[in-house]
Amino acid sequence: MKNIAVIGTGYVGLVVAVGLADFGNRVIGADIDDAKLAMLNEGRLPFYEPGLKDYLKANIESGRLSFTQDVPSAIIKSNVVFLALGTPPEKDGSANLEYLKSSVDSIARYARSYTLVVTKSTVPVGTNRALGERIRTSGGSARIEMVSNPEFLREGRGIQDFFHPDRVVIGAESDRAREILGSIYSALRLNEVPFVWCDMETAELIKYATNAFLATKITFINQMANLADRAGADIALIAKSMGMDGRIGEKFLYPGPGFGGSCLPKDIRALVATGDKLNVDMSLVKTTIAANEEQKARVVVKLRATFGARLSGLSIAVLGLAFKSNTDDVRESPALRVVADLLEGGVLVRAHDPQAMDNFRAIFPDIGYYASAREAMRGADAVLILTEWNEYRSLDFDLMKREMRGRVLLDTRNLLNPRLVRKHGFIYHGNGQTIGSIQGKMGL
Ligand code: NAD
């Protein structure tokens, strides 16, 4: 059993703290957010994450997991400190490392004996070495080593991803550090999860390369969907057939209103900033960033095309505010851009999301929020689906006809069967699903 501190109990830190406690370690989660800690100490979740609550309660009850605001005491009681702090973007896109710096300063000050500092946060290449140097020059007495152990979990699937990761990447540079990490993760090694052992720089770049590739893959299929829309082709079959090619793989080939969330947008901007710093042109990643902004803007452009340019005075039900399903996270959600564009066009926005309305309300306090999709649709001229929540896959079209004023349905996630929706008399636009014929568009 190891004594572990996890500094930062947000989306990543909480799943990691709970997971490491479940592996049999004694874990203290440390955070500076009073309200969050009060909820955690009562076994309540400060955010929505399926399955996490049961693990939280079970590990608190076992006595292996506790939470504190006293970061120094958590450091003093631990020989391994995981860092799961935010690395938000600066104005120029580079990652803000202030939370990490202040935490390693505390570790240098309070660690009493050999301490391994394991960085879960996503940090630009070279950061862990620089943090190690910062600790060494701070004059503390204990020997402290840095390890880069980037996290790949997805919000909404955090528990599944922590216990069944595709791989674990560990950038560690001493046998002692490798042995400690190997023992902390022994449960995963017994389950034959692949481990990638490497230097810190490689580990840091694996994380950015992965996120940049995923962002580019989404953007690629979004642009193919835009083309399929014009050409009268079916993106679902295109994506499915592409995915059958083992060199490509089927995941992340679903078109949508653009990617969002707390990771992909900020990480690819930080990768461009790193490229600038090291004088390497990341032109593909830059294009992905620009194309994603255009994709978000396209949603309202498409709506305008349907209504003949004028949106002013329309009432539109927006279904889905979270950046994806199974989370309440709205950070960089495409819905932020879409709702802003709708409001600018003079639209009355009636919003629904099963989990993310409180977070969205903090940014847009003045739009209408409704407890159900049905209420949001009442009197609406159009319905706009932005997030792939399961409950939006089975909308009751007869009920919609009774509740709505208009008959337009714009489904940016392709959740619905176009034939069925049209059979019910709706004007339906999916994403990459035949809105015009190729002959018409190509002038043939
Ligand atoms: P988050 O904002 O949800 O959590 C960060 C936590 O750190 C907050 O609870 C905050 O109160 C706390 N904190 C800030 N300063 C502190 C301090 N000085 N001492 C103690 N606690 C402090 O962030 P997150 O989404 O969990 O992301 C953390 C890191 O993991 C980021 O680098 C992110 O890029 C990376 N990451 C996130 C995800 C994801 O899906 N969210 C996935 C993989 C990697």
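Colleague: How many aromatic pairs does a search of the whole structure find?
Modeller: This is a predicted model, and the pairs are taken from ring centres that lie within 6.5 Å of each other. On that footing, the search of the whole structure gives a total of nine aromatic pairs.

Colleague: Is the pair formed by Phe195 and Trp197 stacked, tilted or edge-to-face, and what is the angle between the planes?
Modeller: The ring centres of Phe195 and Trp197 are 5.8 Å apart, and planes under 30 degrees apart count as stacked. The pair is therefore stacked, with its planes at 25°.

Colleague: Which of these two residues, Phe195 or Trp197, is buried and which is partly exposed?
Modeller: The cut-off for buried is under 20% relative accessible area. Trp197 has a relative accessibility of 35% and so counts as partly exposed. With a relative accessible area of 17%, the buried residue is Phe195.

Colleague: Which residues do ring pairs link into a cluster?
Modeller: Here ring pairs join several aromatic residues into one cluster. Its members are Phe23, Tyr55, Phe162 and Phe163.

Colleague: Over which rings do the charged ends of Arg350 and Arg407 sit?
Modeller: The charged end of Arg350 is placed 4.2 Å from the centre of a ring, and that ring belongs to Tyr370. For Arg407, the charged end is 5.9 Å from the centre of the ring over which it sits, and the residue carrying that ring is Phe426.

Colleague: What does the radius of gyration say about how compact the chain is?
Modeller: The chain has 19 helices and 14 strands. For its 444 residues the globule rule gives 22 Å, and the chain comes close to this, so it is as compact as a globular protein of that length, with a radius of gyration of 24 Å.

Colleague: What percentage of the residues in the chain is buried, and what percentage of the exposed area do carbon and sulfur atoms supply?
Modeller: Among the 444 residues of the chain, buried residues make up 54%. The chain exposes about 20,100 Å², and the part of this area supplied by carbon and sulfur atoms is 52%.

Colleague: Which residues touch the most other members of the largest nonpolar core, and which helix gives the largest share of that core?
Modeller: The largest nonpolar core holds 49 residues, and the ones touching the most other members are Leu342, Phe360 and Leu384. Five residues of this core, its largest share, come from residues 334-344, which form helix H14.

Colleague: Which residues does Leu384 touch, and which residues does the second, separate core include?
Modeller: Setting aside residues up to four places away in sequence, Leu384 touches ten residues that include Val299, Leu303, Ile316, Val338, Leu342 and Leu410. The second core is separate and has 41 residues, among them Val15, Ala17, Leu52 and Ala84.

Colleague: Is Val117 buried or exposed, and what is its relative accessibility?
Modeller: Val117 is found in strand S5, which covers residues 115-119. Beyond its neighbours within four places in sequence, Val117 is in contact with residues including Val81, Leu83, Ile107 and Ile144. Val117 counts as buried, at a relative accessibility of 0%.

Colleague: Which residues is Asp267 in contact with, leaving aside its neighbours within four places in sequence?
Modeller: Asp267 lies in helix H12, which spans residues 264-277, and counts as buried at 1% relative accessibility. Leaving aside the sequence neighbours within four places, its contacts are Thr122, Lys207, Tyr208 and Asn211.

Colleague: How far from Asn211 is Phe152, C-alpha to C-alpha?
Modeller: Phe152 has its place in the loop between strand S6 (144-148) and helix H7 (158-163), and at 18% relative accessibility Phe152 counts as buried. Its contacts, apart from neighbours within four places in sequence, include Ile206, Lys207 and Thr210. Although Phe152 and Asn211 are 59 residues apart along the chain, their C-alpha atoms are separated by 9.0 Å.

Colleague: What is the phi of Phe252, and what is the phi of Glu332?
Modeller: Most residues other than glycine have a negative phi. Phe252 is placed in the loop between helix H11 (235-244) and H12, and Glu332 in the loop between strand S9 (315-319) and H14. Neither Phe252 nor Glu332 is a glycine. The phi is nonetheless positive, for Phe252 about 60° and for Glu332 about 55°.

Definitions and conventions
Residues are numbered from 1 along each chain as its sequence is written. This is a predicted model: local features need pLDDT of at least 70, side-chain atom pairs count only at pLDDT 80 or more; totals for chains, interfaces and linings use all residues. Side-chain values use heavy atoms; hydrogens and water are left out. Rings of Phe, Tyr and Trp (its six-membered ring) pair if their centres lie within 6.5 Å; planes under 30 degrees apart count as stacked, over 60 as edge-to-face and the rest as tilted. Buried means under 20% relative accessible area, exposed over 50%, partly exposed in between (1.4 Å probe, protein chains only). A charge sits over a ring if NZ of Lys or CZ of Arg is within 6 Å of the ring centre and within 35 degrees of the ring normal. Helices (H or I, at least four residues) and strands (E, at least two) are DSSP runs, numbered from the N terminus. Contact means heavy atoms within 4.5 Å. The radius of gyration is taken over C-alpha atoms; the globule rule is 2.2 Å times the number of residues to the power 0.38. Accessible areas come from the Shrake-Rupley method with a 1.4 Å probe; for residues, only the protein chains shown count as cover. A nonpolar core is a set of buried Ala, Val, Leu, Ile, Met, Phe, Trp, Tyr and Cys residues joined through side-chain atoms within 4.5 Å.
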